[in-house]
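Please open the model in your viewer and keep the sequence panel beside it. The tour moves from one selection to the next, and at each stop it says what is there.

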Amino acid sequence: MVQDDFRHHALLMVSGIARGRLVSARGNCSDNAGAVPLAGPAGDPPMKADRVAPETRLVHDADTGWGIVATPVYRASTVLFDNYAALKAGEEDPFDRSRLHYGRMGVPTTRALEDALAALDGSAGAVLSPSGLGAIADVLQCFLRPGDHLLMPDSCYGPTRSLCRGRLAGLGIKTTFYDPLCGAAIRDQLRLRTRMVFLESPGSATFEVQDVAAIAAVAREAGALTAIDNTWATPLLFNPLEHGVDLAIQSGTKYLNGHADVMFGVTTTADPDLYERLRRYVLGNGVHLAPDDAWLARRGLRTLAVRLAVHERAAYTLAEALAARPEVAKVLHPGLPDCPGHASFRRDFRGASGLFAIVLNGLDEAALARFVDGLELFGMGYSWGGFESLVLPMTPTRDLVGGRLAQGETLLRVHAGLEAVDDLLADLDAAFARAYR
Ligand SMILES: *Cc1c(COP(=O)(O)O)cnc(C)c1O
C-alpha cells in the first residue's frame, strides 16, 4: 500500500501534474520570475493562487519536485554553464531572473524567498536586502538623485532619520520631516523637486497611523514616488500596494523571519519597471542575502499568520491591562481608540501586531531602572518581532516641536511575545511594585 502510494506520487511528479507551485501562478512571477525549479524532476504546473488566502500561499509554495515539502538550502558561488552558447546567453543579461548565473545574483533558495514574499502582497516581485535598513537605503538611493527633495514622516525609524540627515544630505538630497497625521495636507509640503514621499505607519516608537491612501494619491498626482516602511503590519495586516503606494519595504528581521536569528529586508512593488530598476540597482551594487539566511527566513515565514495572531491577542491583553493602571499616562497602541490615527487603523488594517508603547507617570531614571532591571520574562534589547517578549525605554528624536509627544519624553516600547499572557502580566505587575514602591 505504502509502495503503491509512493509509485503513484512518483508518477505524478514525473508527468508534471503533481501539486502546483502556487507562487508561479501570479502573472509576472509565472512567466519568468518563478521559472528556476528548486530541484527534482517535476515541472509543476501553476495553480490558481488568487483562489487561496495569503496564509495558504505561505504554507504551500515550495514543492521540491521530490515530494519534500521544505525548501532546500543551496549555497553557491559558481554555477556551471552547459555550453558556450549558454555562457554567451548569460553574459548578455546576467540579471535575467529566468536563469541562474552566479551566486551573487541569487540561488534557488533566495528565489524561493523572493517568490513567497512577492506572492504575499500580490506584487510584481520582491527585492531582498541584508537588513531592513539596507532595504530602506537601497530604495532611497536607487530612486533619488542629487538635488531631489524627500518628504519623511517625523515619526520615522531612528536610523532612517540618520540616513537622511547624513548620507542623503551628503549626496545633495534634501529631506523635510512632516507631520505623519497630515493626510492630504501633505500637498502643502510638496516642492518642485519633491521626488519621493516616504511613509511609515504606524510610526516607530510613537505609533501614529497614517492616512496612506490620501498621501499616496497626492504624491501620485504630483509625480512623486511613494515608499512605505510596513514592518509593523506585514502585508497580512495591511497591504500598502492596495492603497496606492509604489514601494513597500519591510524589515524581515522582525515578523517575517520571526525567530530573532536572521537579519534581512525586502521591498516589493506592483510596478514591473520599478521592480526591475530596484533589483538591478541592488544586485549591481553586489548586495546579496546569504542562502542560509534566506532559508531560515523562508522557514520562519511558514508560520507568520499563526504567530501574528498570538502576538496580536497578547498585545491587546497587555495594552488594556496597562491602560487601566494609574501609573500609566498613555498607551500608544493603534487598536486603542485614543491612539493618534486610530480611525485610519480601523479603516485600513485587518488586525494589529504585537508592538506598542506606554508612557509612565512621574518616573525618574532610578525608578525606570528598577522597572526594567528586575523583569524576568521581558528582555531588554533592540529589534522585535521574534517569539520573545521585549521592552525598550526610548526617547524619540523629533524635528517638529510640539505635537503629541513632548520633546525628550521617555516611552517604554513593549513587544508581546508568544509566552502565556498571564505570565507576562505577572512580570509587569512585579515591575510596577518595584518602580513605584
Ligand atoms: C527594525 C526596523 C527597521 C530596520 O530593520 P533591520 O533589519 O534591523 O535593519 C526598519 N524599520 C522599522 C520600523 C524597524 O522596526
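The stops below begin with the whole chain and go on to single elements and residues.

**The whole chain**

Bear in mind throughout that this is a predicted model. Begin by colouring the protein chain by secondary structure, which comes to 15 helices and 12 strands. If you then colour by burial, the buried residues make up 47% of the 437 residues in the chain. Among the contacts with a separation of 6 or more, 75% are between residues that lie 24 or more positions apart.

**The ligand**

Select the ligand next, together with the 13 residues that surround it, of which the closest are Ser 131, Gly 132, Leu 133, Ser 251 and Thr 253. If you colour this shell by residue class, you will find three nonpolar, eight polar and two charged residues.

**The nonpolar cores**

In soluble globular proteins, nonpolar side chains tend to be buried together. For this chain, select Leu 150 and Val 197, which touch the most other members of the largest nonpolar core, a set of 68 residues. Helix H5, residues 108–120, gives this core its largest share, namely seven residues. Apart from this core lies another one, of 34 residues, which includes Ala 233, Phe 238, Ala 352 and Ile 358.

Stay with Val 197 for a moment and show what is around this residue. When neighbours within four places in sequence are left aside, Val 197 is in contact with Leu 151, Ile 186, Ile 215, Ala 219, Ala 224 and Thr 226.

**Helix H8**

Two of those contacts, Ile 215 and Ala 219, lead to the next selection, helix H8, which spans residues 212–221 and in which Val 212, Ile 215, Ala 216, Val 218 and Ala 219 are buried. Why do these residues lie on the same side of H8? The reason is that they cover an arc of only 165 degrees around the axis. An α-helix has 3.6 residues a turn, so residues three or four places apart point the same way. To see what the buried residues of H8 pack against, add strand S4, strand S5 (225–229) and helix H13 (342–348) to the selection. Just after H8 comes Gly 223, whose phi is positive, near 75 degrees.

From Val 218 you can also step across to Ala 185, since the two are 33 residues apart in sequence and their C-alpha atoms are 8.6 Å apart in space. Ala 185 belongs to the loop between strand S3 (174–178) and strand S4 (194–200). Ala 185 counts as partly exposed because 14 C-beta neighbours lie inside 10 Å.

**The loop between S4 and H8**

Select the loop between S4 and H8, where Pro 202 has its place. The peptide bond that joins Ser 201 and Pro 202 is cis, with omega at about -5 degrees. Phe 207 lies in the loop between S4 and H8 as well, and its phi is near 65 degrees, a positive value in a residue other than glycine. Is Phe 207 buried or exposed? With 28 other C-beta atoms within 10 Å, Phe 207 is buried.

**A five-stranded sheet**

Now turn to an open sheet of five strands, whose order is S8-S9-S12-S11-S10 and whose pairing is mixed. Strand S8 (328–332) and S10 stand at the edges with a single partner strand each, so one side of each is left without a neighbour in the sheet.

Walk across the sheet from S8, which pairs with strand S9 (residues 355–360) in the antiparallel sense over four bridges. Within S9, Ile 358 is the bridge partner of Val 331. Further on, S11 and strand S12 (residues 411–415) are antiparallel and pair over five bridges, and Leu 392 has Arg 413 in S12 as its bridge partner. At the other edge, strand S10 (residues 379–380) runs parallel to strand S11 (residues 390–394), and two bridges join them. There, Gly 379 stands opposite Leu 390 in S11.

For the last selection, take Ser 383, which lies in the loop between S10 and S11. Phi of Ser 383 is near 75 degrees, again a positive value in a residue other than glycine. Ser 383 is partly exposed, with 14 other C-beta atoms within 10 Å.

Terms used
Residues are numbered from 1 along each chain as its sequence is written. This is a predicted model: local features need pLDDT of at least 70, side-chain atom pairs count only at pLDDT 80 or more; totals for chains, interfaces and linings use all residues. A residue is near a molecule or strand if its C-beta atom, placed from the backbone, lies within 6 Å of it. Ala, Val, Leu, Ile, Met, Phe, Trp, Tyr, Cys and Pro count as nonpolar, Asp, Glu, Lys and Arg as charged, and the others, Gly among them, as polar. A nonpolar core is a set of buried Ala, Val, Leu, Ile, Met, Phe, Trp, Tyr and Cys residues joined through C-beta atoms within 7 Å. A residue is buried if 20 or more other C-beta atoms lie within 10 Å of its own, exposed if 12 or fewer, and partly exposed in between; C-beta atoms are placed from the backbone. Two residues are in contact if their C-beta atoms, placed from the backbone, lie within 7 Å. Two strands pair if DSSP finds at least two bridges between them. The arc is that of the directions from the helix axis to the C-beta atoms.
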